[in-house]
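Colleague: Could you take a close look at the aromatic side chains of this model and go through how their rings are arranged?

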Amino acid sequence: MRAARRGAAFAAALVLWGGVSAFYQPPDVPEGGPKQYQNKVFRLDGKFVHNVGRLHLQVTNIGQTGNAANPSRTTVPSAEYPPGSGFDHLYAAGLWVGAIDASGIPHVTTAAYQTEFSPETNPANPCAPLPIDQIADVREAYEGIPGGNRVISASLIPDDDNDGLVDEDFLNGLDDDGDGLCDEDYAAIGQQMYACEYRDDLPAIRQINPEHVALGIRVRQTSYAWSTPGQSDFVGMDYRIKNQSGRALRNVFVAIFADPDIGSRSVQGYFQDDEAALFDSTVSYLGPAGETVRRRIQMAYAWDNPDDPNKLQFNRGGDVPGGGYFGCMFLNHTTDPSGNAAPPRVGITSFKFFSGSASFGAGGDPENDAQRYQLMSDPRYNPNNPANSIVFASQRPLDYRFIMATGPFRQILPESTLTVSVAWVAGMGRGGPNEVNQTLVGNAISAQQVFDGLYTDLDNDPTTGTCGKETCLRNTAGGRAFTYEIPESSVCRLRINNGYDPSDDRYSSLIPWDPNSSCESQQGGRFICLDKVSPRETHCAAGDTLNVVVNSTQCTYVDFDCDVNTGLGGREQIVNWVAAAPLPSPFFQGNNGKAEPRDFLPLYESHSDSARVSAWYFPGDNKVTLKWSNFAEQIRDAQRGNLKEFVGYRIYKAAGWNRPLGTNAPGQTLWTLLGEWRKNPKGTPARPLGELIDPSAPVVERHDVLVRWDPIRRQVSDSTNSTETDTLFAIGRYSYVDDKVLNGFPYFYSVVPVSVVPGETVSTDIVLSGNPSATNSQVVYPRGGAKESEKDVFVVPNPYKAHAEWDLVPREEDPSGTKVTFMNLPRTKGTVHIYTLAGDLVVDLPFDGKVPADLQFGKDPITSGQGSVPWNLISRNGQRIVSGIYLYSVDTELGRKVGRFVIIR
């Protein structure tokens, strides 16, 4: 029943969208291939998957994580972990936002199962060079991309376009600030970032769900992933929920509804033996100021219950080694210690899991907005309520869904934004507060650490960010002065006056104030406030419990969080989402092995193009040629004065892949290192980088960069600055040929940059490189070269006997998984016609054996055209052909070649 409910809801959305908008328009269907429906607005084809880390999480542009259109629209896994394993951990999850209207009636906008968010089909101010119905897509970026500078340190100017504003132009293909530029100033985070935006108030949504009442919100969603060990088992996500309704939204709740399906997709019913639970415990870890943080973490999660020979009734097969744990947690949102305007702390205020198809009143899924809002706001499901009635863990394996909510936020005023940050986490085993090695809980702690980030000296002023003062209060221009008052119950007062009970768990990490000791001796002098650098003037923070009048537009810093460890040493600015990110890999767009890569030079016109395509992989006759640009070398470390940390490349290849069911990429065991090349290989096994350079590759752009790095002292320095010139070359700057391949077999390649982050000494330098990664769409098939004539065309294998060595597991876009290939095709355009012995046309296979004109120069030129074309044994009517003898005719302007081949099923 659950499957019927979720399937019916989503199928209705697909049908209605097809009738009311440009969504889901089928492209031209090639003869012999299955009918494919590609949507140019809803991104439900599995194209955008976070694949740099160990958790391959699929992202859409409708508020849905994972993909409820699987497998009807795609067979790409929703949350594969580890990559290439075929173990999926999610069917679909979605954002819920609920609020009360002026009449006291609750309304909830959902992304799963009901589709009540949509990107705009006809957005205003489009600026991306795309058709209007492709503007509202998911967009990809990475930390260091031009236009993506973010607030992170004094050595970096986050105002990319020098207009006095910071990150005012969200990455959405629109000219948000009306300056005639496109996505020129936004915050790019992580080694791989996806961005999209969607709304709940478009007219077409009501045609999908007539009962939907829009809240009038726009959501800007960004998600982040890293490949660094210890930071690669989660994906972070920010939801920026803006009220565009013109009226205040009251008593707002935000929730994640998730349907985790955990197990091997190759096993039918693999998701019917899962378990669900709530993790709620206090953990310890190093915080952004280097201090030990004790934090209560709450996470909704599920796991794959292993088959038990003594409980055969629950066994479903498809077990994930280690249990297959997957969860979601809130990392941050607005809080109010009093609980009046927002939850008093970050975490879950409502949790419940469901199974079966019971009614809501009997404990089942909510069916309407009133029930959804009740579930999100019910104090009985609040784990912070001592009188809660939560079932914290399931009692038997079934197919579960869960909801985790936070709120209430008293109101979101018109044009105001509420930001909620979450992490999607996977792990091998559950773990606990003190058992963290690659477990679910350990990876959740890592996610929280990365979000917490670090404090940095953004204003380059040592008198701000001192003695625990981390928060800037300022008066608006012309505004009335206001008074900042520390409540008597605040830890700031209690600490100084010893007015707390040391046995109270809330203060267990608080170091008592010693009234008989000097301020300098308290916690290493952390309470000494620096007022002036020269001559040095200080005072003790113990006197700062008095009220502060704020009447200036300049910052007045206060210890808002009452934590002396935040705001020290001049570091006044907290920066979230900070991790050691390797340089991004050159990206091959891919074509699923179905066609030749297009000529690269006409497509590579500017630096911004490299965000999505910065490499081409060209199949040849028993070889594959890799060509890529040097865009990764343009990325500099802003926290180290724009230091360039690139040192070289590693090239990986994956072979022997047969497309196991439920996988979207080769497993890590299939990847092998072909070699490493460095600018300075001395003392390493690497080869000189110059071996890969093609000096004939054209220049795309040059620009000067101010570098403020002292290589002797190994630190940022204003006195040792220099200007360096960065030169971006087109794809083809680097070239590598792999001739250890076989025609017709699938191969993957990954070019991984290597960088060195300097430590205090050379011995403490850190070498960073990402994981090799690729997706199914990026497979490359070497093929025979084109010949001077059609005289030597032949078919392989011939006869075809039930299967071939290059067979793959069938999937939606390739229903047979097998093929025969026509070899030695002529160097021109033509068509292979296939007939039965009776003369009936089975299928036409067009081909183009001409050599791309702009690839026949420089290093490793592409001098051979497409000399082979595969056929998947599917007729032009979409039917599998039967055993028999078939005739073929290769027709070109050069002439005709006729032959026959045999198929034995």
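Modeller: What follows deals with the aromatic pairs, and then with the charged groups over rings. This is a predicted model, in which local features need pLDDT of at least 70 and side-chain atom pairs count only at pLDDT 80 or more, while totals for chains, interfaces and linings use all residues. Residues are numbered from 1 along each chain as its sequence is written, and side-chain values use heavy atoms, with hydrogens and water left out.

The structure holds 33 aromatic pairs, a pair being two rings of Phe, Tyr or Trp (its six-membered ring) with centres within 6.5 Å, called stacked when the planes are under 30 degrees apart, edge-to-face when over 60, and tilted for the rest. The ring centres of W96 and F257 are 5.2 Å apart and their planes lie at 5°, so this pair is stacked. Because W96 belongs to strand β6 (residues 92-100) and F257 to strand β12 (residues 249-259), the pair ties together parts 161 residues apart in sequence; strands here are DSSP runs of E with at least two residues, numbered from the N terminus. Both W96 and F257 are buried, that is, under 20% relative accessible area, where exposed means over 50% and partly exposed in between (1.4 Å probe, protein chains only).

F745 and W806, with ring centres 5.9 Å apart and planes at 65°, are edge-to-face. F745, at 21% relative accessibility, counts as partly exposed, whereas W806, at 10%, counts as buried. K819 lies over the face of W806, 4.8 Å from the ring centre; a charge sits over a ring if NZ of Lys or CZ of Arg is within 6 Å of the ring centre and within 35 degrees of the ring normal.

Technical notes: Helices (H or I, at least four residues) and strands (E, at least two) are DSSP runs, numbered from the N terminus.
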